[in-house]
Amino acid sequence: MLAMKNYFQNSNTPIENKIFLSNQDISLTNNHHNSTPEEKESLSNPYASDTIRNCYKSLFDNAPVGIFSVNENGDILEANKELIKILGSPSIKQTQSINIFSFPALEKTLLPSAIKKCFQTGTKVSGEGKYTSKWGETINISFQGAPGIIKENVIQTIQVFINDISGKKEAEEEVLFAKNRYQNLFNASPIPMWEQDFTYLRMHLLHLHKSGILDVNKFLQENHNEIITFLKKSKIIDVNQACIKLFEAESKEQLINDFELVITKELFKTIAKAIVSVSQYKNDFVNETKIVTFSGAVRNVILSVRIDKRKKDSNHAIIALTDISESKKAINDLRKNEEKYRSLFQNAPIGICSVNKNGEILEVNDKMLETLGSPSREKTKQINVLSFPSLVQSGISTAVESCFSTGESVNGETKYDSFWGKSSIVHFQIASNSIANNKVNTVQILIKDISKRHKAEDELRLSEEKFKNLVHHSINGIATINTDGIITFANKALSSILDYPPQEIINHHFTKFLHKNAKKEDLEIFKSQLIGESSTLRKNINLTRKNGEIRRVEILSNRITAEKGESNIIAHVSDINERWRYEKIQNILLEISKLFSTTTHLKTFLKKVHQKLNQLIKTENFFVALYDKNTDKYTIPYYSDEQDSFETKKPRKAVGSLTDYVRRTQEAQLVDSEKKNQLINTKSIHKIGTASKIWLGAPLFNDDQKNVIGVISIQDYQNENAFNKNDLEILKLIANNIGFFIDRIRNLNDLKNAKEKAEESDRLKTAFLANMSHEIRTPLNGILGFTQLLKINNLSEEEKVECLDIIEESGERLLDTVNDVIDISKIEANQIQNHYSEVNINEQIRYLYHFFQSEARDRSIKLHFNSFLNNIEAATITDKNKFTAILKNLIKNALKYTMSGSIELGCSLDDRFYSFYVKDTGIGIPEDRQKAIFDRFVQADIEDKEVKEGAGLGLSIAKAYVEMLGGSIRVESIAEKGSTFYFTIAVKKQTILKV
């Protein structure tokens, strides 16, 4: 009942306000000692007025806040309906069963601790928190507690008032959210803005009005300081980031505190206008002005002031600045562009006019007057474009109608006969100029007089036709190559040279047609021309035709640069294949002729011929077969083949072969697959070995061109177009040289065999004649042959010098042969006597060492002299010339057969003989030939070695002289490792005694 009374006594103040104002004095803490006598009587008397009791009961039960009393143990003594509602309890009974201090749902609200505090201190307590009932409902509550019943200064109960503030909390959160959202939008806005409070401004304006100043604008114009005062007194609440950036301020504080530093004269005037607008209670103000940033840059802006319209007397305003500097610049540029356009329009090099949909000319420039042949601008503007005869006949009127109808541009060229007598060829373009509601309102006509260009184009076309005819019918190939190396044009002659159709040449890289063995330097020259390092090139190169044939051409190319900067190469290709082949054949025949004087070994000769021939013809498969008519068999001294292998020494039959067919017919043959089948069908030949796609063979004739002594042939296993008739003619020329050489070798072999079979007395004579036939005829052939070559007028100076060198070499060889023959003849006839004189062995060896040093050095051979004699021992009496001739012949022999390494000379002395040796690292001498080398006209050369020139008399002469001086000679040799010749001469005792 006391709780009801307390609530009643404080009912003049809303309970929710009391709960939130927890620090204020509230009247809900009435105690017994403060009660009136009537109250005390009423409380102590259980039979007090029922009316008062019922009133309090009704107020307690129907109070809009939850009310309950609690004792010091936490037991609820009383609870009203609103409390049951707030706590979510099913009934009052269950509510009264709650213990405040142990009820879990109230722990988070801090209500239990607050009630305990109130019991301890007697002071009022209050608070807020979230309450989640055990029945699952969560609400925000506020509470207020105060002492209730007090007996003998001891608090017996606490009265607690609880209010559901969930709705209020949600409203507060929405307000806070709205405020945060506004603040975020304000700060993130790209438009520079600041908030300002105009309270002082309006108060001051009201004061001015009361003091009689009605024209605020005039007052501000006369009192500029008032504007600064207004700005300083008007509080700037906040500034966003965009505004800080616009003014180029370092911070928000700098912009707010130093705002007067960025005020320009124009902004001053604008602020004055804004103040006038505020004085007139206008909510919006907009004006264009200028500001200056803290860095000194001037910006054009639109300043707008907007005051909160929601409250009539609001002084809160948002001021925004829109940067229009770029727009201003664009407008100024547009104005300048319009002026330029007007100037360009009037001074344009082509006629321009604007026409509306009725065909009326709105604008026309001077060039159009000239193009149309019109006498004046006024006359031209009187023309109706849609019906003017000259424009109708030229088709321009129709083009204008089409543009108006479809909106699409129309281009064309036409002949224009002017109404005023001018006739020309013009190019016109009609384009829509103004469109509204998807309809063309105006079009622009552009007309250019192209009469001169047409005339020039006709002349150019005629010139191009002439040029094309010249290019296409040129006997030389012509091609254009772009900077990527791609062929962009090729004429008929080039197609013929390469044997490719034009479509297989154009759009292909030029390297496709270079021979695979093209020299790297040739390719680099082309590349340097492509990238612009050189502008002109003249070069002889090899191209590969479609059928694989090599074609020799001369290329003259020039790099040209077009007006647009694009570069191309124009290449002129001349077919010099026949001339080149002829020169190549002549050179190769010349080189083969040289082989006659440098070698007598058949295999070596054929190997070199093979190498030379390969420069003209593809000779991967090449062989020479020699025929013996006595046995009717063939031997193959040399071959190179990709598929088959041959026995080179054992003779064999070749009946039915192509080789035998050439010998029998005594004619050179070019045999492809078709001809081979014909020969097989006629049983002229039959299949032998691996079949080739094409075969080439030529007979080898003897010296008198009567008998075939063999066949030379080449073949290809993959390409049936590898050879042609020209190759056959070349092979015939080579065959003639090979036949002559083989016949010569056979003659030499015949002489050798005859020499060996003759008796000793006749052997020398026969050998002499046979070998002299070779040693005299060979250099004489060289002398005579190259003398004939010197008579050819087209030999170069280099070739003439080479011929003279060979003639000189052949003459020296002939002289040496004659001298050796004379010496050996005297020896055989015993007509040589010894002529003794004092000789120093060391000096003679030293003389020969220096004599041959130059030749040894030229051939990269080291020549050593090892003498073991002192000056006394080196002095002797002997035949000086014979002693010198012995050493000279041995050293020459060593130089002849030593390709690399060294030659060593040495000597020693014992009681009876001087011992000498000449050691070399040459080809060596097989054991079975070591005795024969000292015979007359015998050389150490054996089969499969390169035959050296000479009559074979040097060692024979040396042996004879050694024996005449009382000594002996011998040789120790290992094939391929070298030889050492030892010889002795007798010591004259009286010489030693005398010395």
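User: Which residues of α24 are called buried, and what makes a residue buried?

Analyst: The buried residues in α24 are L602, T604, F605, L606, V609, H610 and L613. Buried means under 20% relative accessible area, exposed means over 50%, and partly exposed lies in between, with a 1.4 Å probe and protein chains only. This is a predicted model, in which local features need pLDDT of at least 70, side-chain atom pairs count only at pLDDT 80 or more, and totals for chains, interfaces and linings use all residues. Residues are numbered from 1 along each chain as its sequence is written, and side-chain values use heavy atoms, leaving out hydrogens and water.

User: What makes α24 a helix, and how does its reach compare with the expected one?

Analyst: Helices are DSSP runs of H or I with at least four residues, strands are runs of E with at least two, and both are numbered from the N terminus. Helix α24 spans residues 602–613, twelve residues, so it meets the minimum of four. The expected span is 1.5 Å times one less than the number of residues. From first C-alpha to last, α24 reaches 16 Å, close to the expected 16 Å.

User: Why is N153 called exposed, and what is notable about its phi?

Analyst: The relative accessibility of N153 is 77%, so it counts as exposed. N153 has a positive phi of about 65° although it is not a glycine, and it sits in the loop between β5 (150–151) and β6 (154–155).

User: Is D632 buried, exposed or partly exposed?

Analyst: D632 has a relative accessible area of 27%, so it is partly exposed. D632 lies in the loop between β23 (621–628) and β24 (633–640), and its phi is also positive, near 55°, in a residue other than glycine.

User: Why are β2 and β3 said to stand at the edges?

Analyst: The open sheet has five strands in the order β2-β1-β7-β4-β3, with antiparallel pairing. β2 (76–79) and β3 (125–132) each have a single partner strand, so one side of each is left without a neighbour in the sheet. From one strand to the next, the twist averages 25°.

User: How do you know that β1 and β7 pair?

Analyst: Two strands pair if DSSP finds at least two bridges between them. Strands β1 (residues 66–71) and β7 (residues 157–164) have six bridges, in the antiparallel sense, so the pair qualifies. S69 has Q159 in β7 as its bridge partner.

User: What lies across β1, β3, β4 and β7?

Analyst: Helix α7 (residues 111–121) does, running at about 145° to β7. Axes are lines fitted to C-alpha atoms, for helices over the stretch in contact, and angles run from 0 to 180 degrees between N-to-C directions.

User: What makes the link between E972 and R970 a polar contact?

Analyst: A polar contact is a pair of N or O atoms within 3.5 Å; within protein, one must be able to donate a hydrogen and the other to accept it, and residues adjacent in sequence count only if both atoms are side-chain atoms. The two side chains meet at 2.7 Å, so the distance satisfies the 3.5 Å limit. E972 belongs to strand β33 (residues 969–974) and is partly exposed, at 42% relative accessible area.

User: Which residues is E972 in contact with, leaving aside its neighbours within four places in sequence?

Analyst: They are G978, S979, T980 and Y982, where contact means heavy atoms within 4.5 Å.
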